[in-house]
Amino acid sequence: MSPPLPMLPITRPSIDEETIAAVGEVLRSGWITSGPKVQAFEAALSNICGGRPVRAFNSGTATLEVALRLADVGPGDEVITTPLTWVATANVILEVGATPVLVDVDPVTRNIDLEQAEAAVTPRTRALLPVDLAGLPVDRDRLYAIAARHRLRVVEDAAQSFGAAWNGQPIGSMGDFVSFSFHANKNLTTCEGGALVLPHDIDPGLCERRRLQGVKRAADGTMDVDVLGGKFNLTDVAAALGLGQLRRLREFTERRRALARRYFATIEPTLGLTLPVADFHHCNWHMFQPLLPAGSDRGAFIAAMKEEGIGIGVHYPPLHLFSLYRGLGFHAGQFPQAEDVGARTVTLPLFPAMSDGDVDRVCAALRRTLT
Ligand SMILES: *Cc1c(COP(=O)(O)O)cnc(C)c1O
């Protein structure tokens, strides 16, 4: 018998030796926190985002929180978002003292149902906070038409859609606030980190003060604090990693698309899985997520796949069912589509360093597990 194959995880970052050397150089340079590498990283990100101002942060969550503050969202304001996302999306709304208003998802895209989002607008609604789940962009044309009709701000939670596009334009190159995450599992990583693309009416200097203790330094060396800021700056060590990753963004996204195509071509329809939208135009394939047949035992499926040496993730349990949100009045049955997707979704391995053979291995294990 041949030795068992190593465990195939759901994701793994691709960090090349050149990037590791660049990180080492920063560590030896004597300047390791925010400095020239962060500025170079921000410039490179801005380049991708059509020249718009971009500021780097130490997490995607921090970019969302600061975006809400810059959009003047606070107590008494409502922000409309989706329950089918990483809980950070809604937590930041609570963090700034505003009220999260959840609406159900479209069962096909699994993103926020924009018709229901518009129906949920009230005089207190201040912003829309859509999420591009698995890297599939929310329809930007419809989104901004709604925002314009009701004079709402938009904070795009594009944590998962860096490298994706809408109408041929990179996500981040258009729209209002756009927030990216560079957490270890995202398509581009700085270990932990994020970036915020700023709209034209927001002063990047104010964004910088919100990012770091509100500190404003004058040319003569004096300083003042005129606004409350957090501690959200990225380090040069992380930025050097980000610069190394950016050089390969196109390659990473193309590889993810090729692997997703292979999943579509190889997963047998008779297994009864509901596959994601086969979008090779906009999506960056941050995750590949089939839904198990209704009534399946997902725990047993995950355990069986683990036996096969295949890691399986769950992204996400709908956040309104977490204790914190139940305590705010949300309850089961409120968002049936999000609850159905959340109960059946599984995340298959997908990352740029995977081989075609790895996809075939996952598909063979699916066949054995589901038949
Ligand atoms: C990862 C993620 C975040 C938060 O990003 P962090 O960098 O982990 O703070 C927010 N929203 C979504 C949809 C995410 O996937």
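A polar contact is a pair of N or O atoms within 3.5 Å, where, within protein, one must be able to donate a hydrogen and the other to accept it. The model discussed here is predicted.

Q: What makes the pairing of the Asp157 side chain with the side chain of Thr89 a polar contact?
A: The two side chains meet at 2.8 Å, and a pair of N or O atoms counts within 3.5 Å, so the pairing of Asp157 and Thr89 qualifies as a polar contact. The side chain of Asp157 also reaches the backbone nitrogen of Ala159, at 3.1 Å.

Q: Why is Asp157 said to have no salt bridge?
A: A salt bridge needs a side-chain nitrogen of Lys or Arg within 4 Å of a carboxyl oxygen of Asp or Glu; the nearest side chain of opposite charge, that of Lys186, is 7.3 Å away, and therefore buried Asp157 has none.

Q: Which atoms of the protein make polar contacts with the ligand, among them one in the side chain of Asp157?
A: An N or O atom in the side chain of Asp157, a residue of strand 5 (residues 153-157), is 2.7 Å from a nitrogen atom of the ligand. Oxygen atoms of the ligand are 2.8 Å from a polar backbone atom of Gly60 and 2.8 Å from an N or O atom in the side chain of Gln160.

Q: How much of the ligand's accessible area does the protein cover?
A: Of the 380 Å² that the ligand has on its own, the protein covers 94%. The shell around the ligand has five nonpolar, nine polar and two charged residues.

Key. Residues numbered from 1 in each chain as written. Predicted model: local features only at pLDDT ≥ 70, side-chain atom pairs only at ≥ 80, totals over all residues. Heavy atoms only, no water. Areas by Shrake-Rupley, 256 points an atom, 1.4 Å probe, with all protein chains shown as cover. Nonpolar A, V, L, I, M, F, W, Y, C, P; charged D, E, K, R; others polar. Helix = DSSP H or I, 4+ residues; strand = E, 2+ residues; numbered from the N terminus. Buried < 20%, exposed > 50% of the residue type's maximum accessible area, 1.4 Å probe, protein only. Lys, Arg positive; Asp, Glu negative; His and termini not counted.
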